[in-house]
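Thanks for making time for this; I would like to walk through one structure slowly, beginning with a single residue and working outwards from there. Please have the viewer open as I go.

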Amino acid sequence: MKLKSEFSKEHVVSIKDFSVDEIEHVLDVARTMEPVAKGRKTSDILRGKILANLFFEPSTRTMLSFEAAMKRLGGDTIGFASADVSSSKKGETLADTITVCSSYADIVVLRHPQEGAARLASKFSSKPVLNAGDGAGQHPTQTLLDLYTIRKEKGEISGNKIGIAGDLKYGRTVHSLTHALSMYDTEMTFIAPQPLQMPKEILGRLSRDGIKYDQQQNIDEAVEDLDVLYVTRIQRERFPNEEEYLKVADSYNVNMKTLEDVDDGLIIMHPLPRVDEISAEVDDTDHSRYFEQAANGIPVRMALLSLLLEVEL
Ligand code: CP
């Protein structure tokens with residue numbers, strides 16, 4: 001199967017650049033990658049290819065799952081352990097870093113604190129760029145694995161009532177996910193204390209596009225009819241100061257009491273890392289899917305790498 005045929009993207013910068021057909025194609029390819037992702041089959045379709053992992057912010061899942069995806073397909077990775085040991089510390093611009101690193105590798109993965117950094121990188125890179133999170137902007141590969149998880153668990157994405165809870169103001173995963181879900185026939189409820197509600201620009205766009213949504217402040221009250229509850233961490237690092245953060249810290253928590261009246265089929269997702277917004281007791285219930293969700297990052301990122309590098313299965 002020639003994978004590139006239904007996928008003409010040069011870079012993956014924003015989920016807004018995707019059509020539903022393109023999303024579904026990535027998810028279909030990801031499904032075929034599962035045996036290799038789980039180590040039950042081997043593959044060397046990316047042998048000889050190098051991925052540059054450029055992370056200017058901390059990461060566990062995104063960085064390591066890109067590395068695992070590349071290596072499971074026979075490729076290799078380069079990268080720096082932290083921005084502090086890169087020449088950005090000496091004042092090198094992102095544009096220069098990308099120009100140079102894209103000459104060392106076949107594909108570039110970038111996480112950066114500045115919104116718009118990945119778009120800028122795509123202009124200077126001679127190789128495909130994947131946005132691994134740009135400030136409070138977008139995290140499109142996370143969104144694709146979130147959609148993959150919903151489709152795998154629920155059969156399809158459309159038709160679900162999805163609660164998106166937590167730090168909706170600064171959370172890039174929920175900004176990307178909201179855009180993606182608005183392309184499907186879903187019912188969205190945004191659940192957050194008022195200071196952390198979804199930005200007005202995003203709500204305005206949903207309204208202009210005729211997408212219905214609901215807003216709630218209390219998870220325990222909002223969760224009853226949901227098929228999916230997507231919880232996020234408060235992004236402490238994005239608040240202007242500690243005082244603002246402390247006003248909303250500890251303002252929500254999913255625990256056994258939250259689950260008392262939920263549907264049996266409710267699944268709980270979280271992009272992770274979590275801090276204290278989901279109690280550990282929830283991990284052992286039939287509702288938790290966040291660790292499976294994190295594991296789904298491997299086949300989805302394998303699919304993206306294969307598509308962008310135009311290899312054949
Ligand atoms: N979900 C996510 O982006 O996790 P990391 O910050 O660990 O990469």
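Let me start with L266, which, leaving aside its neighbours within four places in sequence, is in contact with K154, V223, L226, D227, V228, L229, L259 and H287, where contact means heavy atoms within 4.5 Å. Before going further, I should say that this is a predicted model, in which local features need pLDDT of at least 70 and side-chain atom pairs count only at pLDDT 80 or more, while totals for chains, interfaces and linings use all residues. Residues are numbered from 1 along each chain as its sequence is written, and side-chain values use heavy atoms, with hydrogens and water left out.

L266 sits in the loop between α9 (242-248) and β9 (267-269); the helices (H or I, at least four residues) and strands (E, at least two) are DSSP runs, numbered from the N terminus. With a relative accessibility of 1%, L266 counts as buried, a word that here means under 20% relative accessible area, with exposed being over 50% and partly exposed in between, using a 1.4 Å probe and protein chains only. R238 is 28 residues from L266 in sequence, and their C-alpha atoms are 30 Å apart in space.

S102, in helix α3 (residues 94-104), is also a buried residue, at 1% relative accessibility. Its C-alpha lies 8.4 Å from that of P128, although S102 and P128 are 26 residues apart in sequence. Not counting neighbours within four places, S102 is in contact with V108, F124, S125, S126 and K127, and a polar atom of the S102 side chain lies 2.9 Å from the backbone oxygen of I98.

Now to the division of the chain, which has domain 1 (3-138 + 297-308) and domain 2 (140-294), with bounds that come from an automatic or database domain assignment. The C-alpha centres of domain 1 and domain 2 are 25 Å apart, and 35 residues of domain 1 are in contact with 25 residues of domain 2.

One residue to look at here is T141, in helix α5, which is buried, with a relative accessible area of 0%. The side chains of T141 and R301 are joined by a polar contact of 3.0 Å, meaning a pair of N or O atoms within 3.5 Å, where within protein one must be able to donate a hydrogen and the other to accept it, and residues adjacent in sequence count only if both atoms are side-chain atoms. Beyond four places in sequence, the contacts of T141 include V12, F66, L130 and N131. R301 is also touched by T62, a residue of helix α2 (residues 61-72) that is buried at 4% relative accessible area.

What lines the largest cavity? The lining residues are R61, Q142, L145, P271, Q293, A294, G297 and R301, and the elements giving two or more residues to this lining are α5 (140-154), α10 (290-295) and α11 (297-308). At least three lining residues come from each of domain 1 and domain 2.

Finally, helix α6 (residues 172-182) has 11 of its 11 residues buried, so it is largely enclosed by the rest of the structure; among those buried residues are R172, H175 and H179.

Definitions and conventions. 1 Å grid on protein atoms, 1.4 Å probe; cavity = no way out; pocket = protein on both sides within 12 Å on 5 of 7 lines; lining within 4 Å.
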